[in-house]
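Here are some short exercises to work through with the structure in view. Try each task before you read its solution.

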Amino acid sequence: MMNGKVVQEQDQLEDCGGDEGETAPLLEALASFPSYPRPENLPMLTWIPLAALIFFEVSGGPFGSESTVRDAGPLVAILGFVLFPFVWCIQEALITAELCTMFPENSGFVAWVSAAFGPFWGFQEGLFSWCSGMMDNAIYPGLFIAYVHQAI
């Protein structure tokens, strides 16, 4: 069962009709959602921490990249690690920023998928993201043990 806020937002989006291709009513409906002001003392995220966040989110860090260096060589591996953010991650960051401005909520992927495909698939997205995080995080203790065993 949906809460009142979701039903109200869906009613606002359904009421914004209009001719095909006309986006002004949709933009007006989105503009009526509450905006959350940014606190004044909150520091801005600069490029270096943003690049580090993207690198660790996408690849989990340098763990497991030894096979890349061994198979392709150090130059190709370093070029791949340097160029990958510009080929993939910048576009992903821009899409995420666009969606975050359209849906200023804390639920992220779940809100975006729920708005596009309904609450069932929003729940599935949340469940799949949680499972993906659990599986991804389960890899790192094994890698750490392997590195320690190799070092000893």
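Buried means under 20% relative accessible area, exposed means over 50%, and partly exposed lies in between. Keep in mind that this is a predicted model.

**Exercise 1. A serine to warm up**

Task: Decide whether serine 67 is buried, partly exposed or exposed.

Solution: Start by locating the residue: serine 67 sits in helix 4, which covers residues 66-72. Next, take its relative accessible area, 28%. This value falls between the two cut-offs of 20% and 50%, so serine 67 is partly exposed. To place it further, look at alanine 77: the two residues are ten apart in sequence, and their C-alpha atoms are 9.6 Å apart in space.

**Exercise 2. The whole chain**

Task: Work out which pattern the chain follows along the sequence.

Solution: Begin with the elements: there are seven helices and zero strands. Reading along the sequence then gives α-α-α-α-α-α-α. For burial, the chain has 152 residues, and 13% of them are buried.

**Exercise 3. Aromatic pairs**

Task: Find how many aromatic pairs the whole structure holds, and describe them.

Solution: The search finds two aromatic pairs. In one of them, the ring centres of phenylalanine 109 and tryptophan 112 are 5.3 Å apart and the planes stand at 80 degrees; an angle over 60 counts as edge-to-face, so that is the name for this pair. Both residues belong to helix 6 (residues 109-117), where they are three residues apart, about one turn of the helix. Now compare their surroundings: phenylalanine 109 is partly exposed at 49%, whereas tryptophan 112 has 13% relative accessibility and counts as buried.

Phenylalanine 120 and tryptophan 121 also form an edge-to-face pair, with 4.9 Å from centre to centre and 80 degrees between the planes. Tryptophan 121 is partly exposed, with a relative accessible area of 46%.

**Exercise 4. Two helices that meet**

Task: Describe how the axes of helix 6 and helix 7 cross.

Solution: Two packed helices are described by the angle between their axes and the distance between the axes. Here the axes of helix 6 and helix 7 (residues 119-151) come within 7 Å and cross at roughly 150 degrees. Angles over 145 degrees count as roughly antiparallel, so helix 6 is roughly antiparallel to helix 7. The crossing of the two helices is right-handed.

Next, list who meets whom. Helix 6 brings Phe109, Val110, Val113, Ser114 and Phe117, and helix 7 brings Pro119, Trp121, Gly122, Glu125, Gly126 and Ser129. Sorting the residues of this contact gives six nonpolar, four polar and one charged.

**Exercise 5. Under cover in helix 6**

Task: Name the buried residues of helix 6 and say what covers them.

Solution: The buried residues of helix 6 are Ala111, Trp112 and Val113. Their cover includes helix 5 (74-102) and helix 7. To finish, step past the end of the helix: glycine 118 follows helix 6, and its phi is positive, near 105 degrees.

How values were computed:
Residues numbered from 1 in each chain as written. Predicted model: local features only at pLDDT ≥ 70, side-chain atom pairs only at ≥ 80, totals over all residues. Heavy atoms only, no water. Phe/Tyr/Trp six-rings, centres within 6.5 Å; stacked < 30°, edge-to-face > 60°. Helix = DSSP H or I, 4+ residues; strand = E, 2+ residues; numbered from the N terminus. Buried < 20%, exposed > 50% of the residue type's maximum accessible area, 1.4 Å probe, protein only. Axes fitted to C-alpha atoms, helices over the stretch in contact; angles between N-to-C directions. Parallel < 35°, antiparallel > 145°, perpendicular 65-115°, else oblique. Left-handed = near helix turned anticlockwise from the far one by under 90°. Contact = heavy atoms within 4.5 Å. Nonpolar A, V, L, I, M, F, W, Y, C, P; charged D, E, K, R; others polar.
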